[in-house]
Amino acid sequence: MPVLPYIQRKELPAKPGIYYIGNSLSPVMYVGLSRNLKSRHINHHRQGQFEVMENAVIRYRVLTEDFLATISDLTKTLMKLEKQAIDHYKPPINNTPVANQAKFTTVHGPTYIQIHKAREAGYCTHFEARDGDELTINSSRLPLISRAIEEQRPIFLIASGAYKDYEIAGYPHLSELLPYKKDRIYLLISRFIPYGYEESDCFGYDYVVYGGNSKIFFNPYMILNSRPGFNEFKSSYLKLGFTNCERSPFVSELLRLGDFQLLTPA
């Protein structure tokens, strides 16, 4: 693979690929993905960790034009390649907390949701991740994205679909969804803290949002339908796409499920 000293990362190609951070003693200490390797490393959320690494280098594998012509979902493909590399190399930095993460000590403040429509987007690969992994979502609402990143506020991903949509998309454990077969089923998939974004042409959205320090709600599914306050929340917020839902009383339940400390403001 091509290799650059980390201090020369601005010379990376502006192309999609997988990158590996390390040095001569530990060649793969961190693995990541990007739709644009150069822009990703101009201001990486772990830049401070990489800069203090002795003799740090960045190796990268660019997706070729021939390969790109064979895939329909670049983000999903990158996530699959990244996961394969992480499972193979087991890089020690990937599943560690990012320094100076925000501490959530109140039910108040911006809290964001994004909908994953099972019929349109298919199976959600977040379910293949582990707690702490870095995740992505797609959105077109740059002002909200920028604020979420700046304030390091949580984003919750919620799946929406009929039972048949989940069945066609290949979701496992469908028996858990059977009691809601006549309803539209809402699953809490994941939550993460956003740290950056890139321009995107995926699913008609303008941006890919990157995040870490994640939590995955799987095995069993986290079905929201019967939770107190969800019907009101659904009616007000689950038709708007990526949005700030901090005014809803149901946010306290989302934050509780996300393992954030909940305190009443003084």
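# Group meeting: a walk through the predicted model

If we set aside the neighbours within four places in sequence, H126 is in contact with M79, L135, T136, I137, L157, I189, S190, F192 and I216. I should say at once that what you have in front of you is a predicted model, and I will keep to what can be read from its coordinates. H126 itself is found in the loop between helix 5, residues 118–121, and strand 6, residues 135–139. Is H126 buried or exposed? With a relative accessibility of 2%, H126 counts as buried, since the cut-off for that word is under 20%. One of the contacts has a polar part, because the side chain of H126 makes a polar contact with the side chain of S190 at 2.8 Å, which falls within the 3.5 Å limit for such a contact. As a guide to spacing in this region, the C-alpha atoms of H126 and R191 are separated by 9.7 Å, although the two residues are 65 residues apart along the chain.

That brings me to strand 8, which covers residues 185–199. Of its 15 residues, 13 are buried, so strand 8 is largely enclosed by the rest of the structure. Which strands pair with it? Strand 7, residues 155–161, pairs with strand 8 in the antiparallel sense over seven bridges, and if you look for G161 you will find that its bridge partner in strand 8 is I185. Strand 9, residues 207–216, also pairs with strand 8 in the antiparallel sense, here over eight bridges, and in that pairing G196 has Y210 of strand 9 as its bridge partner. Strand 10, which consists of residues 222–223, runs antiparallel to strand 8 and is joined to it by two bridges, with L187 standing opposite I223. While you are looking at strand 8, it may help to recall that in a regular strand the side chains alternate between the two faces of the sheet.

Y210 deserves a second look, because the charged end of R40 sits over its ring, 4.0 Å from the ring centre, where the limit for such an arrangement is 6 Å.

Let me turn to the aromatic residues more generally. How many aromatic pairs are there? The count comes to 19 aromatic pairs. One of them is formed by Y6 and F50, and this pair is edge-to-face, with 5.5 Å from centre to centre and 75° between the planes. The pair links distant parts of the chain, since Y6 lies in the loop between strand 1 and strand 2 whereas F50 belongs to helix 2, residues 47–51, and the two are 44 residues apart. Both partners are buried: Y6 has a relative accessibility of 2%, and F50 has 0%. Elsewhere, ring pairs link Y123, F127, Y166, Y171, F218 and Y221 into a cluster.

The loop that carries Y6 also holds R9, between strand 1, residues 3–5, and strand 2, residues 17–22. A bench eye might want to check the accessibility of an arginine in a loop, and here R9, at 10% relative accessibility, counts as buried. Apart from its neighbours within four places in sequence, R9 is in contact with H41, Q47 and E51.

Strand 1 and strand 2 take us to a separate topic, the open sheet. An open sheet of four strands has the order 1-4-2-3, and its pairing is antiparallel. Its edge strands are strand 1 and strand 3, residues 30–34, each of which pairs on one side only. From one strand to the next, the twist averages 25°. Within this sheet, strand 1 and strand 4, residues 57–62, pair in the antiparallel sense over three bridges, and V3 stands opposite R59 in strand 4. Helix 4, residues 74–89, lies across strand 2 and strand 3, running at about 175° to strand 3.

After helix 4, I would like to end at P97, which lies in the loop between helix 4 and strand 5, residues 112–117. Is P97 buried or exposed? P97 counts as exposed, because its relative accessibility is 62% and the cut-off for that word is over 50%. Not counting residues up to four places away in sequence, P97 touches R46 and N213. The C-alpha atoms of P97 and P220, which are 123 residues apart along the chain, are separated by 25 Å.

Key. Residues numbered from 1 in each chain as written. Predicted model: local features only at pLDDT ≥ 70, side-chain atom pairs only at ≥ 80, totals over all residues. Heavy atoms only, no water. Buried < 20%, exposed > 50% of the residue type's maximum accessible area, 1.4 Å probe, protein only. Pairing = 2+ DSSP bridges. Contact = heavy atoms within 4.5 Å. Phe/Tyr/Trp six-rings, centres within 6.5 Å; stacked < 30°, edge-to-face > 60°. Lys NZ or Arg CZ within 6 Å of the ring centre and 35° of its normal. Polar contact = N/O pair within 3.5 Å; in protein donor to acceptor, adjacent residues only side chain to side chain. Axes fitted to C-alpha atoms, helices over the stretch in contact; angles between N-to-C directions.
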